[in-house]
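Biologist: Before we turn to the details, could you take me through how pockets, interfaces and nucleic acid contacts are read from a set of coordinates?

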2 protein chains.
Amino acid sequence: MSLPHAVLGMLRYRPMTGYDLKLFFDKAMESVWPAQISQIYRELSLMEAKGWIGSHIEPQETRPDRKVYSITDDGEVTFKEWLEKFPRSLSVTTRDDFSLRMFFSSGLSPEELKFQLKRFIREKQDEISDQQAVERYLEKMSEEMGHPEDEFHWRMTLRRSSILAEALILWAEDCYEELVEKYPS
Amino acid sequence: MSLPHAVLGMLRYRPMTGYDLKLFFDKAMESVWPAQISQIYRELSLMEAKGWIGSHIEPQETRPDRKVYSITDDGEVTFKEWLEKFPRSLSVTTRDDFSLRMFFSSGLSPEELKFQLKRFIREKQDEISDQQAVERYLEKMSEEMGHPEDEFHWRMTLRRSSILAEALILWAEDCYEELVEKYPS
DNA sequence: GAATTCATGTAACTTGTTACATGATTTA
DNA sequence: TAAATCATGTAACAAGTTACATGAATTC
């Protein structure tokens, strides 16, 4: 149940609409906590009912009215309590569709598996490139929102994705080479 | 929807009960695809309804009767089709409770964050140690089940967890040092 | 002329988690 | 004597995904 806390975390920076939150989730937090727009709207309703956030309507002429949410004192307390309660870290590796197939891949031709590993490596490299856009966005946001001290924490967190992607590339390359050794083509 | 396919993959090796499957999930596949026992039983019913697996009762005297499931021809086909349809690899980093708190951790004292990072590192080290038990179990199973060629694939897959855990340790150590530099205590 | 952006949501569905229920046997 | 193992499940709940609905303005 961390989506509402992620939302609270963002609303501490400034009031936002569901749509604003979606942009932030997509552009900055995808690698930490992705969220669907439908899920965000549903969660916002629940959070308002709990009194963690409040809202007001900002009428617009050419666009649909904006429903702007802001965090309440209750929300601040809830967020703080959550933040201080660090969980045991879970294994990151859980429920990976690619690895599950790999686990059972003795039923596949070595050539097919080699092909999939190459593709995997390319995708991870793209992931690393995408990280640069994320960093640019966060830099912009920390200026805009006037919370310069947060950028340091954001960057620390985000580096995780790149480090993991790099580790996975090494893993896949290693697997590839083992396959070539075992089944030279 | 990969839990049923994981189950099919295992039943290819040999017929098993829900309880047997749970043991295999816990001991060998936790880092790839964890599953609750209640989820397994539910899934087995659905899979039998679809005709992917069949079952027969093995009466026991001192223990509850065993309901042993085996894969059908239909199940084999379904499994093969799934196996060949490798997905785009998703970012592994998604939905991590620890990182989400880290992302917003400017609200925490640097000392607290340092403490949590140390704990994180210890937990990852334990994770790496646990991997050795997994490897021993898989070695035993590949002998027992008479599928020696699978062990190679299992090991390739499992190494992923250790590699990721090692990468995360480096990440956390890096963060720790940056914190010490920024906030010397 | 088609796709994207801004802006709101609802409904149905799928998947995963937690709690409950039973009960004999074995190990610590 | 308490906990773990073997062995079956059901029910309720929580969380995530996909599909649907609307519609003007803007960009490609």
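Biologist: Which element gives the largest share of the lining of the largest pocket?

Modeller: In this predicted model, the largest share of that lining comes from helix 6 of chain A, which supplies eight residues. The pocket itself has a volume of about 1200 Å³, and among its 48 lining residues Ser91(B), Val92(B), Thr93(B), Thr94(B) and Arg95(B) are the closest to the centre. Two or more residues each come from helix 2, helix 5 (97–103), helix 6 (110–144) and helix 7 (148–182) of chain A, and also from helix 5 (97–103) of chain B.

Biologist: How many residues of each class are in the lining of the largest pocket?

Modeller: The lining of the largest pocket divides into 20 nonpolar, 12 polar and 16 charged residues.

Biologist: And how much space lies in the second largest pocket, and which residues are closest to its centre?

Modeller: The second largest pocket holds about 450 Å³ of space, and of the 25 residues lining it, those closest to the centre are Ser91(A), Glu30(B), Ser31(B), Glu127(B) and Asp130(B). Helix 2 (18–28), helix 6 (110–144) and helix 7 (148–182) of chain B each give two or more residues to this lining, with helix 6 of chain B giving the most, nine residues. By class, the second lining has 10 nonpolar, seven polar and eight charged residues.

Biologist: How should I read the interface between the two protein chains?

Modeller: The size of an interface is often given as the accessible area that is lost when the parts come together. Here the area buried between chain A and chain B is about 7600 Å², and carbon and sulfur atoms give 65% of this area. On the side of chain A, Phe86(A), Arg101(A) and Phe103(A) supply 12% of the area buried against chain B, more than any other three residues. Counted by contacts, 76 residues of chain A meet 76 residues of chain B.

Biologist: Which residues are the closest to DNA strand C, and which parts of the strand account for the atoms that come within 4 Å of the protein?

Modeller: DNA strand C is surrounded by 22 residues, of which Tyr41(A), Gln60(A), Met1(B), Ser38(B) and Gln39(B) are the closest. Of the atoms of DNA strand C that come within 4 Å of the protein, sugar and phosphate account for 61%. Looking at individual polar side-chain atoms, one in Gln60(A) is 2.7 Å from a phosphate oxygen of the strand, one in Tyr19(A) lies 2.9 Å from a phosphate oxygen, and one in Arg95(A) lies 3.2 Å from a phosphate oxygen. The surface near DNA strand C comprises seven nonpolar, eight polar and seven charged residues, and helix 2 (18–28), helix 3 (37–50) and strand 2 (66–71) of chain A, together with helix 3 (37–50) of chain B, each supply at least two of its residues.

Biologist: What surrounds DNA strand D?

Modeller: There are 21 residues around DNA strand D, and the closest are Met1(A), Ser38(A), Gln39(A), Tyr41(B) and Gln60(B). Among the side chains with a polar atom close to a phosphate oxygen of this strand, Gln36(A) lies at 2.8 Å, Tyr19(B) at 2.9 Å and Arg66(B) at 3.2 Å. Helix 3 of chain A gives the largest share of the surface near DNA strand D, three residues, and by class that surface has six nonpolar, eight polar and seven charged residues.

Conventions:
Residues numbered from 1 in each chain as written. Chains lettered and ligands numbered in written order. Predicted model: local features only at pLDDT ≥ 70, side-chain atom pairs only at ≥ 80, totals over all residues. Heavy atoms only, no water. Near = heavy atom within 4 Å. Polar contact = N/O pair within 3.5 Å; in protein donor to acceptor, adjacent residues only side chain to side chain. Helix = DSSP H or I, 4+ residues; strand = E, 2+ residues; numbered from the N terminus. Nonpolar A, V, L, I, M, F, W, Y, C, P; charged D, E, K, R; others polar. 1 Å grid on protein atoms, 1.4 Å probe; cavity = no way out; pocket = protein on both sides within 12 Å on 5 of 7 lines; lining within 4 Å. Points joined across faces, edges and corners; volume = space filled by probe spheres on them. Contact = heavy atoms within 4.5 Å. Buried area = accessible area lost by both parts, 1.4 Å probe.
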